[in-house]
Amino acid sequence: MDQLTSIYHIVLAGDMGVVQEKVQAALTAGVTAEEILHKGLIAAMDEVGRLFELGEYYVPEMLISARAMQVALGILKPMLAETGVEPMGKVIIGTVKGDLHDIGKNLVGMMLEGAGFQINDLGSDVTAEQFVEAVQNGGDIVGLSALLTTTMPSMEATIKALDAAGLREQVKIIVGGAPVTPDYAQQIGADGYAADASRAVTLAKSLVK
Amino acid sequence: MNSRERVLRALNHQEPDRVPFDLGGTGLSSIHITAYNNLRRYLDMPKTQTRISHVAEQLAVVNEDLAVQLEVDVRPLMPGLSSKFEYVFRDEGAYEAYTDEWGIGWHKPNDGGFYYDMYQHPLADADTLEVFKNYPFPDPLDDGRFETLRSQAEGAAAKGKAVVLAGICAGITEVYSWLRGYEQFFIDLAINPEYVACMLDRLVEFKCAYWERALREIGDLVDVVIEADDLASQNALLMSPKTYRSLIKPHHQRLFSFIKDQDAVKVFYHSCGAIRPLIGDLIDMGIDILNPVQISAKDMDLRELKQEFGQDVVFWGGGVDTQGVFYSGTPDQVREDVKRNIEALAPGGGFVFAAVHNIQADVPPENILAMWKAWQEYGGYV
């Protein structure tokens, strides 16, 4: 099995223990960081997303794959920066004001990173002003997460704040979280809605084309 | 018939005179303090001291005057706090915080916060089995937990109400995930099964100690006991059925069997979300009641659930869609939703009406009243 295929399978299996040495071995053997990123990591995470949507992978499987991917990416990042490899896009994510739930948002961040996006994770209980400030520092997509019907209004408030700051046209806004629906996303003027982390990747890719 | 007879008929899959009604009978069919105070004002009820029954979720104790007015058929039995624990709230700038008896840190934003959420997990960095084995648990048998149970139970029984006894902690996987942090919990399910086995074992023992004493002391007065564990989210199980059956189910089995061995009580089991793939497993393990019956989750159509499982399990919940019309719709839309849900779940008994989970702060009192009126209008069997 060649080294790239080996790394692909290790990420798919979520084998955090061996991914570091395999990536180092591949680099030593002359495989480029960019090749490892695309054929080893992104390809594997794409398959993870597919298996999750199929109902074969669940949160535990997705998480260990994402963690293995993050270990590998940590090694590759400086090399990718050096050779001028650009991320697919920059995504600012956060759970909105009043809401402290973050695992869904974290999974979205990991899957987007696994697809080649650069993530600026603002955490949870994030005010509209904090989102505005983050966009002022650069971003292509803003991802808003809420778990509660009671905190969903903060999504609309954030979109309005970006509009008031003259930044609305600069970014695409996507929303998600258990109580969020496509209808709600449309009602508040978001650019898209995704039901889970894997579908968020598909959505984000479509928005940066 | 009185409330207790009504509830027992429903729990035994027989049709009573009307569908029993629950608001505040459990910590999973209750109401946020904000919505509660709004409701009392809306109904022009006398100003009275309103108290919190569950600190983290900020649930209200439903005062007896409202429970009577709304014809609630169920009364909760709440264990007291351990004498070794008290809530000590800390001012942490933008948050108010406390540490619970397990050592888990909870905090609530001062500005716009509705509940306390976890932010410190004492076993987040644990990386040897020894740490899990030796982590100090609270005392399940502290007298403070049991002191008022009999008087509460006798009070409820004297009023002819069904009596529902709560436990002293959340579900075994819930407590494990709260001690560990959610991400690490999911990773443990994938690659650290020995940690999972150790902790779920210890947590089952903890719960069994409580249930043994509680049911020995007041089992004669208790109709229903509550257990819980969130196994699913909006669209899917949180872990594969295979993972559930190998790592978690044996512990659930041990727990439910133990409870059933203590006394002839009905076991009320709560799991949020899209749990349909595991309902059969839960029924096989002996649970009697399923809650909250989250209509809005995937594959949780009430008619289908009633058809497939209605002979074997009681649905306690499912009354109105809390993720949908209940907070965002008109009273007429609430009425239509309730009518539809009662039509699906009521036939043949096996249904106790409650909102899907606790009524949240954003539910207008007009909608709560619309729900209640619709239950009055459509909840009769005769």
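Buried means under 20% relative accessible area. The model shown in these views is predicted.

**View 1. Helix 6 of chain B is largely enclosed by the rest of the structure.**
This helix spans residues 172–180. Nine of its nine residues are buried, so the rest of the structure largely encloses the helix. The buried residues are Ile172(B), Thr173(B), Glu174(B), Val175(B), Tyr176(B), Ser177(B), Trp178(B), Leu179(B) and Arg180(B). Gly181(B) comes just after the helix and takes a positive phi of about 95°.

**View 2. Helix 1 and helix 4 of chain A cross at roughly 135°.**
Helix 1 covers residues 3–13, and helix 4 covers residues 59–82. Their axes come within 6 Å. Angles of 65 to 115 degrees count as roughly perpendicular and those over 145 as roughly antiparallel. The two helices are therefore oblique to each other. From helix 1, the contact uses Val11(A), Leu12(A) and Ala13(A). From helix 4, Ile64(A), Ser65(A), Ala68(A) and Met69(A) meet them. By class, this contact has six nonpolar residues, one polar residue and no charged residues.

**View 3. Helix 4 of chain A packs against helix 7 of chain B.**
Helix 7 of chain B runs over residues 182–191. The axes are 8 Å apart, at an angle of about 100°. That makes the pair roughly perpendicular. Chain A supplies Val59(A), Pro60(A), Leu63(A), Ile64(A) and Arg67(A). Chain B supplies Glu183(B), Gln184(B), Phe186(B), Ile187(B), Leu189(B), Ala190(B) and Ile191(B). Nine of the residues in this contact are nonpolar, one is polar and two are charged. Ile64(A) also takes part in the contact of helix 4 with helix 1 of chain A.

**View 4. The largest nonpolar core has 195 residues.**
Ile31(B), Leu165(B), Ile359(B) and Met371(B) have the most contacts inside this core. Helix 8 of chain B, residues 193–218, gives the most to the core, with 14 residues. Another core lies apart from it and has 15 residues. Among them are Leu28(B), Val314(B), Trp316(B) and Val352(B).

**View 5. Ile31(B) and its contacts.**
Neighbours within four places in sequence are left aside here. Ile31(B) is in contact with Leu23(B), Tyr36(B), Leu39(B), Gln58(B), Leu59(B), Ala60(B) and Val62(B) among others. Its contacts also include Asn358(B), Ile359(B) and Ile368(B). Ile359(B) is, like Ile31(B), one of the residues with the most contacts inside the 195-residue core.

**View 6. Gln58(B) is buried in a loop of chain B.**
Gln58(B) sits between strand 1 (52–54) and strand 2 (59–60). At 14% relative accessibility, Gln58(B) counts as buried. A polar atom of its side chain lies 2.7 Å from the backbone oxygen of Val55(B). Beyond four places in sequence, Gln58(B) is in contact with Ile31(B), His32(B), Ile33(B), Ile52(B), Phe114(B), Tyr115(B) and Tyr116(B). Ile191(B), part of the helix contact in View 3, is 133 residues from Gln58(B) in sequence. In space, the two are 35 Å apart, C-alpha to C-alpha.

**View 7. Thr95(A) is a buried residue in strand 1 of chain A.**
The strand covers residues 90–95. At 0% relative accessibility, Thr95(A) counts as buried. Its side chain reaches the backbone oxygen of His101(A) at 2.8 Å. Not counting residues up to four places away in sequence, Thr95(A) touches His101(A), Asp102(A), Lys105(A), Gly123(A), Ser124(A), Asp125(A), Val126(A) and Ser145(A).

**View 8. A cis peptide bond joins Asn291(B) and Pro292(B).**
Omega is about -5°. Pro292(B) is found in the loop between strand 11 (289–291) and helix 11 (302–309) of chain B. Val293(B) is also found in the loop between strand 11 and helix 11. Val293(B) has a positive phi of about 60°, although it is not a glycine. At 2% relative accessibility, Val293(B) counts as buried.

**View 9. His357(B) has a positive phi of about 70°.**
His357(B) is not a glycine. This residue lies in the loop between strand 13 (351–352) and helix 14 (365–378) of chain B. At 22% relative accessibility, His357(B) counts as partly exposed.

Technical notes
Residues numbered from 1 in each chain as written. Chains lettered and ligands numbered in written order. Predicted model: local features only at pLDDT ≥ 70, side-chain atom pairs only at ≥ 80, totals over all residues. Heavy atoms only, no water. Buried < 20%, exposed > 50% of the residue type's maximum accessible area, 1.4 Å probe, protein only. Helix = DSSP H or I, 4+ residues; strand = E, 2+ residues; numbered from the N terminus. Axes fitted to C-alpha atoms, helices over the stretch in contact; angles between N-to-C directions. Parallel < 35°, antiparallel > 145°, perpendicular 65-115°, else oblique. Contact = heavy atoms within 4.5 Å. Nonpolar A, V, L, I, M, F, W, Y, C, P; charged D, E, K, R; others polar. Core = buried A, V, L, I, M, F, W, Y, C linked by side-chain atoms within 4.5 Å. Polar contact = N/O pair within 3.5 Å; in protein donor to acceptor, adjacent residues only side chain to side chain.
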